[in-house]
Amino acid sequence: MDNIRRFETIHDYNIFNNNETRHPLISVVDLSKAHPRQGSRMYFGFYTIFLKEVKCGDLVYGRNIYDYQEGTLVFLAPGQVAGVNSRGETYQPRGYALVFHPDLLHSTTLGKQIRAYTFFSYQSNEALHLSEREKHIVLDCFSKIEYELEHAIDKHSKKLIVSTIELFLNYCTRFYERQFITREKVHHGMVERFEALLNEYFLSDKPAIIGLPTVAYCANALNISPGYFGDLIKKETGKSAQEYMQLKVIEVAKERIFDISKSVSQIADELGFKYPQHFTRLFKQRVGQTPQAYRTLN
């Protein structure tokens, strides 16, 4: 697992898995055509979505190890590194990988919106677990892309391929929303833990030392990726994680404003604002009054 295999092009990855390259920027890779191999770490210079159909070792992504079950989807953005730890044993890959280069999306609506699909930044232990019916839909999308790749390229090819990728990603968005509900036990108490984390944060001296809490800070403290965390909080509360934190800051600020021994600037500093005017601006946006006016009227 020490050496990293680098795949800069779609053709590189097709060769590695004994698949034909029908298009330089996209491929539906049949992993069962690959020779038996041992686990390795891999760098991908393109979007990669794995659908594995057999237990083949633990998926290693970042610092995390994930017991990769059958019927799960894992999403990788360009520049990410993942691999399989087969513990030195040889295994036969099974399943499919949809791989496409960012250049395929140039001048398309999907190219402008691809970052909205936040599951490309999820950790491996936040993979999408598919039902049999969902798996059928995924394979149907893959089949439609394969059909276009086997068809002679014409003026419709790119539009049909990209629109099918977008359809697939939109289905995955729906499936993740279902997963947030059906895997409630896994996520049980996440909002409560988030609230407790913020309470502890503002009772400490951390705001004055390191500033306002960030989504990345909270996600890391809760052992979850920022993307997955943000989407989960949005699903549970109807608010973004950033908005939720801003409302918490205002809640704490309202309590402290009544301590007339402290100036508004001191309170802003205690809450982690770099500049008092930033605190005043946010407070007025959320409350409709400046901190000083709120203190005077109440």
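This is a short talk about a sheet, a few residues and a pair of helices in one structure.

Okay, hi everyone. Before we start, keep in mind that this is a predicted model.

Let's begin with the sheet. How many strands form the open sheet, and in what order? There are five of them, in the order 2-9-4-7-10, and the pairing is antiparallel. At the edges you'll find strand 2 (26-30) and strand 10 (128-129), each pairing on one side only. If you're new to this, strands of a sheet pair through backbone hydrogen bonds, either parallel or antiparallel.

Now zoom in on one pair. Strand 4, residues 47-52, and strand 9, residues 95-100, run antiparallel and are joined by six bridges. To pick out one residue, Tyr 47 has Phe 100 in strand 9 as its bridge partner.

Next, look at what lies across the sheet. Helix 3, residues 132-150, lies across strand 2, strand 4, strand 7 (72-76), strand 9 and strand 10. Against strand 2, helix 3 runs at about 125°.

Now over to Tyr 171, which sits in helix 4, residues 157-182. Is Tyr 171 buried or exposed? Well, somewhere in the middle: its relative accessibility is 27%, so Tyr 171 counts as partly exposed. Setting aside neighbours within four places in sequence, Tyr 171 is in contact with Ile 137 and Cys 141. Tyr 171 also shows how folding up a chain plays with distance: Glu 134 is 37 residues away in sequence, yet 8.6 Å away in space, C-alpha to C-alpha.

That brings us to the cysteines. How many disulfides do we count? Zero. Why is Cys 141 not bonded to Cys 172? The closest cysteine sulfur to that of Cys 141 is the one in Cys 172, but they are 7.9 Å apart, which is too far for a bond, because a disulfide needs the sulfurs within 2.5 Å. Cys 172, likewise, is in no disulfide. Cys 141 counts as buried, at 2% relative accessibility, and Cys 172 is buried too, at 0%.

Last stop: helix 10, residues 241-257, and helix 11, residues 264-271. Their axes come within 11 Å and cross at roughly 140°, so helix 10 is oblique to helix 11. The crossing is right-handed. Who makes the contact? On the helix 10 side it's Val 249, Val 252, Ala 253, Arg 256 and Ile 257, and on the helix 11 side it's Ile 267, Glu 270 and Leu 271.

That's it from me, thanks!

Note on methods. Residues are numbered from 1 along each chain as its sequence is written. This is a predicted model: local features need pLDDT of at least 70, side-chain atom pairs count only at pLDDT 80 or more; totals for chains, interfaces and linings use all residues. Side-chain values use heavy atoms; hydrogens and water are left out. Helices (H or I, at least four residues) and strands (E, at least two) are DSSP runs, numbered from the N terminus. Buried means under 20% relative accessible area, exposed over 50%, partly exposed in between (1.4 Å probe, protein chains only). Contact means heavy atoms within 4.5 Å. Two strands pair if DSSP finds at least two bridges between them. Axes are lines fitted to C-alpha atoms, for helices over the stretch in contact, and angles run from 0 to 180 degrees between N-to-C directions. Angles under 35 degrees count as roughly parallel, over 145 as roughly antiparallel, 65 to 115 as roughly perpendicular and the rest as oblique. A crossing is left-handed if the near helix is turned anticlockwise from the far one by less than a right angle, and right-handed if clockwise.
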